[in-house]
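Good morning, colleagues. Please take a moment with the sequence and the structure before I go through the main points.

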Amino acid sequence: MASPVVVVTRRLPAAVEARLERDYRPVLNPADTLYDPASLPGRCAEAGAAALLCCPTDAVSAEVVAALPTSVKAIATFSVGYDHIDVAAAKARGIVVTHTPDVLTDATADCAMLLLLAAARGAYSAEKLLRTGGWTAWAPTGQIGVQMTGKRLGIYGMGRIGRAVAQRARGFDMQIHYHDVGRLPESVEQGAVYHETAEELLGVSDFLSLHCPLTAQTRHFLDARRIALLPDGAVVVNSARGPIVDDAALIAALRSGKLAAAGLDVFEGEPRFHPDYLTLDNAILFPHIGSATAETRDAMGFMALDNLDAVLAGREPPNRVA
Ligand code: DGY
């Protein structure tokens with residue numbers, strides 16, 4: 001029997017594409033063209049696809065799901081987040097949806113630490129000073145940042161990545177505080193202080209790192225009202241999803257000095273982002289690189305394929321979300 005066809009929306013790491021070529025008849029995207037999501041059903045129909053392997057850049061809406069041919073049995077996303085897929089619509093059509101948890105936890109937590117440190121120490125303005133020839137001498141009062149030692153790190157969303165950030169931050173002698181839908185067992189908390197409400201957490205967060213999924217409830221969670229609850233001079237990091245932050249409110253707080261700095265790896269509407277971020281020397285901005293290490297991207301691809309292998313062989317996939 002001919003191996004199943006898999007439509008792949010983006011260019012994937014070489015080892016992942018090699019496994020796809022070995023086990024399937026993949027329709028690859030070597031030019032890494034960003035497809036119009038509306039074209040995905042047609043691409044799947046034309047190829048007779050059994051599965052769609054997509055990425056966070058593909059908005060697989062209810063309309064897209066509804067138009068997929070009946071041959072499509074699975075949507076495997078090359079990501080842990082699946083807010084770009086209308087999971088309910090897929091479920092209603094009996095299409096299995098899978099994601100890639102765990103394998104990107106370390107890389108993403110490392111990136112959050114990088115943002116925390118870089119924001120706290122004014123890495124962008126320091127490097128800009130040097131690169132633009134403005135560095136005249138070491139100065140006792142020059143390029144002063146915020147010390148992390150002993151400070152309170154608020155983690156909003158204490159799942160896999162939030163916990164990995166806590167583990168790293170303990171190495172910087174930070175005090176860990178968190179909020180999640182429920183309190184974790186003490187053995188997992190490892191001394192972290194639970195706050196029953198997000199508002200209570202914000203009040204003690206000298207540093208705040210966002211690690212919740214994007215849902216209707218968390219959209220624009222960090223708005224002007226909640227920013228006002230943070231201690232003056234707090235540092236905010238978002239490596240989860242852009243729309244969790246209200247950009248206009250964050251920009252206003254960075255401008256006014258209410259917040260000392262911010263580190264952002266994700267943006268609402270990315271790859272577009274609020275242009276005013278570019279005017280802020282106290283913001284460090286990354287183009288969604290949280291999971292971008294060679295090891296992690298290979299592991300994400302292999303996990304997406306493990307999921308597809310299972311679904312297409314009639315087995316329960318290891319990482320099903322619908
Ligand atoms: C994810 O996996 O959801 C990240 O945002 C991309 O690695």
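**Arginine 226, the cysteines and the overall fold**

I begin with one side chain. Beyond its neighbours within four places in sequence, arginine 226 makes contact with Glu199, Leu202, His220 and Phe221. Please keep in mind that this is a predicted model.

Arginine 226 sits in helix H10, which covers residues 224–229. Is this arginine buried or exposed? Its relative accessibility is 17%, so arginine 226 counts as buried, the cut-off being under 20%. A polar atom of the arginine 226 side chain lies 2.8 Å from the backbone oxygen of phenylalanine 221.

I turn next to the cysteines. How many disulfides does a search of the whole structure find? The result is zero. Consider cysteine 44: the closest cysteine sulfur belongs to cysteine 54, and because it is 9.7 Å away, it is too far for a bond. Cysteine 44 has a relative accessible area of 0% and is therefore buried. For cysteine 212, the closest cysteine sulfur is that of cysteine 111, at 16 Å, which is also too far for a bond. Cysteine 212 is buried as well, with 9% relative accessibility.

Finally, the protein as a whole. Its secondary structure consists of 12 helices and 12 strands. The C-alpha trace spans about 70 × 50 × 30 Å along its principal axes. The radius of gyration is 21 Å, which agrees with the value near 20 Å for a compact globule of 322 residues. Of those 322 residues, 49% are buried. Among contacts between residues at least 6 apart in sequence, 61% join residues at least 24 apart. The accessible surface comes to about 14,900 Å², and carbon and sulfur atoms account for 55% of that area.

Notes
Residues numbered from 1 in each chain as written. Predicted model: local features only at pLDDT ≥ 70, side-chain atom pairs only at ≥ 80, totals over all residues. Heavy atoms only, no water. Helix = DSSP H or I, 4+ residues; strand = E, 2+ residues; numbered from the N terminus. Buried < 20%, exposed > 50% of the residue type's maximum accessible area, 1.4 Å probe, protein only. Polar contact = N/O pair within 3.5 Å; in protein donor to acceptor, adjacent residues only side chain to side chain. Contact = heavy atoms within 4.5 Å. Disulfide = S-S within 2.5 Å. Rg over C-alpha atoms; globule rule 2.2 N^0.38 Å. Areas by Shrake-Rupley, 256 points an atom, 1.4 Å probe, with all protein chains shown as cover.
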